[in-house]
Structure formats: C-alpha cells, structure tokens
Amino acid sequence: ASKQSVDVTTTATGELEAKKQIDIRNQLEQPTTIIEIIKEGAQVKAGDVRVRLNSDTLQTQVDEDSLRVQTARADSVASENNYIIQENQNASDLRKAALEIEISELEYRKWLEGEVKSRQQANQLALDKATRELTRLKEKFDRSIELEKRGFIARDEMQRDELAYLEAQAALQTAELNTKVYNEFEFVRDEKVKTSAVDQATAELEKVKRRNQGELAKAEADRNNKREQLRLRQAKLDKLKEQLGFCTLKAPNDGLVVYATSLNRDRWGNNGDGVLDVGRQVTRNQQLIVLPDTTEMVASVRVHESLTGRMRKGQSATIKVDA
C-alpha cells in the first residue's frame, strides 16, 4: 500500500466571474429613474452610452440657477463699479476738503499780510497827518493871538484859526480812536473769523476722511458679499451641471455589459431586486452595470460544508461547467 493524491469530486453551484471588472454606479445625489439602458450581454466600445437617467428635474434646476448666476454676476459687476466710484468720490471729496484748507489759509495770510498792514498803515498815516496838522494849526493859532493883540489881524481871522485848531484836535482824537478801535476790536474779531475758517476747514478734512472710510468699508462689504453670492451660486450651478452629466453613463473602455442585478443572485439563482429596466428607480451609488474583463476569469463556487475539512489553501482545482 502507498499514499497518493485522490481527486475530490463534487457538484456545486456557482458563477464564472471576471477577475477584474469595472463597476458603473449611479452618482446622482437624488433618486431618479432609468429612461434608457443598453441590453445585457452587448459588447460596447469605450465612450458608448450605456445608461441614461431621467434628467428633467436637474435640467430645470440648471436653467433656473443659470439665470440666478447671471443676476449674481451682474450684481457683482455693479458692486465692483460702485466700489471704484466710491474710491474716486472719496479722492474727490478729500481733494476738495484739502483745497478748502489751502483757500482758508491763503485768505488768512492775505488778510494778515495785506489788509491788516494796509489798514494799520492807513490808520498810522491818518494819525501822523492829524498830529502834524494839529501842530501846524496850533502854531498858526498862537501867532494869530499875538498878531491880534498887536492889531495886525482882525479878531475874526484869529477865531477862524482857533476853529481850525479845534477841528485839528478833533481830527487827531478821531484818528487815535480809529486806530484803537481797529487794533483792539476789529483786528481781534477778523482774526478770530479767519482762524475759525481755517479750523473749520481742517475739521471738515478729518470728517471727510472718517466718512470716506465708512463709505468705502460699506462698498467693500457689499462687493465682497456680491462676490461670495456669485461664487456660491456658480458652485451650485457647476455641481448641478456635474450631476446632469452623471445622467448619461458611458463606457470607460471596451467590454461586455452585465447588469449588476445578474450578479446579486442567491444560491438558487434567484434575484430579489429584479432585472434593471427602463422606468426602474435607482438610488445614489447604486451599482448598475459591470464591465468584466473576460481575459481572466474566476470560478466562484459554493461547496458543501462537509468538504471543507478536506480542502486547503493553495490546492489546485479542475472545474467543468455543465451549462
């Protein structure tokens, strides 16, 4: 007696499967129905349409969101233009406020170096003239008194000289009063008015700067908001278009069409899900079609549990297919 290998023979159910295969799945995020499907067992070339899914709802959403994207893009362009306009307006307001300061400072210098000096010179001239005139008329009046005492002139002429002397005194007092009023009142008043104009122009410049910052920040916020709305709507539209593209399933390479439902059979060959057909509802990531690579096959066999003790990993097997 000697030991030798003995074949174990059994009858079992199973399937011949491709060792490598490509799964075609439904990538739509929402349930839909099949409106066209290639026949099982057909040979397809890369790029051939295998399945068409109902895209009516998606197409409607794409059309509606396309209009929303156009509106959002128009709003974004308008906000960009408004931002540029606001920048230009801010620059214009700033230049105008700065110009007001320059003008008020020039007005102050014009008044201080021109009008004030001219007025002071006029007052001083009037004061000097009145002083000299008073001195002259006083001397003349004094001479008239001596001449009238000696009888060389009439008393009436002496009185006229006296009247002129009194008028000269009044003119000198008027000149002194005008100088005092200008120096102590008018000059102080005008200086406050001019310096106040400079201060107000300076304050207005700061006010314009703060207002410009607020308006520009508001325009920028609106611009960013419109940009984000456009981005979100465009992203949504792109996603819908991508989903719309998933409604048409094409073969990535050459192969044999096998329905996924044909692979999901129980040990008796029954398929509880039924056969794929037009009108059937499919869900997200559901396997629809398999493209097996038939150049290398695998036998998936279900053997009886009584034989499992006599089987080892690595054993070779010879398979005969009855069908």
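# Report on buried sites, salt bridges and nonpolar groups

R109 counts as partly exposed, at 48% relative accessibility. Here buried means under 20% relative accessible area, exposed means over 50%, and partly exposed lies in between, with a 1.4 Å probe and protein chains only. Accessible areas come from the Shrake-Rupley method with a 1.4 Å probe; for residues, only the protein chains shown count as cover.

This is a predicted model: local features need pLDDT of at least 70, side-chain atom pairs count only at pLDDT 80 or more, and totals for chains, interfaces and linings use all residues. Residues are numbered from 1 along each chain as its sequence is written, and side-chain values use heavy atoms, leaving out hydrogens and water.

## Salt bridges

R109 has a charged partner. Its salt bridge is with E113. Both residues lie in helix α1, four residues apart, about one turn of the helix. E113 is partly exposed too, at 47% relative accessibility. Helices (H or I, at least four residues) and strands (E, at least two) are DSSP runs, numbered from the N terminus.

A salt bridge is a side-chain nitrogen of Lys or Arg within 4 Å of a carboxyl oxygen of Asp or Glu. Side chains of opposite charge can pair when their charged atoms come close. The structure holds 18 salt bridges. Three of them are tabulated here.

| Pair | N to O distance |
|---|---|
| R52 and E36 | 3.0 Å |
| E113 and R109 | 4.0 Å |
| D222 and K226 | 2.8 Å |

Take R52 and E36, whose side chains meet in a salt bridge. R52 sits in strand β5 (residues 49-53) and E36 in strand β3, so the pair ties together parts that are 16 residues apart in sequence. R52 is partly exposed at 30% relative accessibility. E36 is also partly exposed, at 39%.

D222 and K226 belong to helix α2 (residues 155-245). They are four residues apart, so about one helical turn separates them. D222 is partly exposed, with a relative accessible area of 30%. K226 counts as buried because its relative accessibility is 18%. Elsewhere, salt bridges with shared partners join D65, R68 and K236 into one network.

## Two buried positions

V62 lies in helix α1 (residues 56-150). Its relative accessibility is 6%, so V62 counts as buried. Which residues does V62 contact, leaving aside its neighbours within four places in sequence? They are L237, L240, K241 and L244. Contact means heavy atoms within 4.5 Å. V62 and L240 are 178 residues apart in sequence, yet their C-alpha atoms are 6.1 Å apart in space.

N26 occupies the loop between β2 (21-25) and β3 (32-37). Is N26 buried or exposed? N26 is buried, because its relative accessible area is 1%. A polar atom of the N26 side chain lies 2.6 Å from the backbone oxygen of T283. Not counting residues up to four places away in sequence, N26 touches L53, V282, T283, R284, N285, Q286 and L288.

One of those partners, N285, has an unusual backbone angle to check. Most residues other than glycine have a negative phi, and most peptide bonds are trans. N285 has a positive phi of about 65 degrees although it is not a glycine. N285 is in the loop between β9 (281-282) and β10. At 49% relative accessibility, N285 is partly exposed.

## Nonpolar cores

A nonpolar core is a set of buried Ala, Val, Leu, Ile, Met, Phe, Trp, Tyr and Cys residues joined through side-chain atoms within 4.5 Å. In soluble globular proteins, nonpolar side chains tend to be buried together.

The largest nonpolar core here has 26 residues. Its members that touch the most other members are I34, I37, V51, L53, V257 and I289. Elements giving two or more residues to this core are β3, β5, α1, α2 and β10 (287-292).

I289 has a long contact list beyond its neighbours within four places in sequence: I22, D23, I24, I37, I38, R50, V51, V257, V258, Y259 and A260. Another core, of 11 residues, lies apart from the largest one. Its members include A130, L134, F141 and I153.

## A nonpolar surface patch

L16, M297, V301, V303, M311, I319 and V321 make a nonpolar surface patch of about 600 Å². Patches are made of residues with over 30% relative accessible area and no salt bridge; like charges are joined within 9 Å, and nonpolar side chains (Val, Leu, Ile, Met, Phe, Trp, Tyr) within 5 Å. Within the patch, V301 lies in strand β11 (residues 297-302). V301 is partly exposed at 41% relative accessibility.

How values were computed. A polar contact is a pair of N or O atoms within 3.5 Å; within protein, one must be able to donate a hydrogen and the other to accept it, and residues adjacent in sequence count only if both atoms are side-chain atoms.
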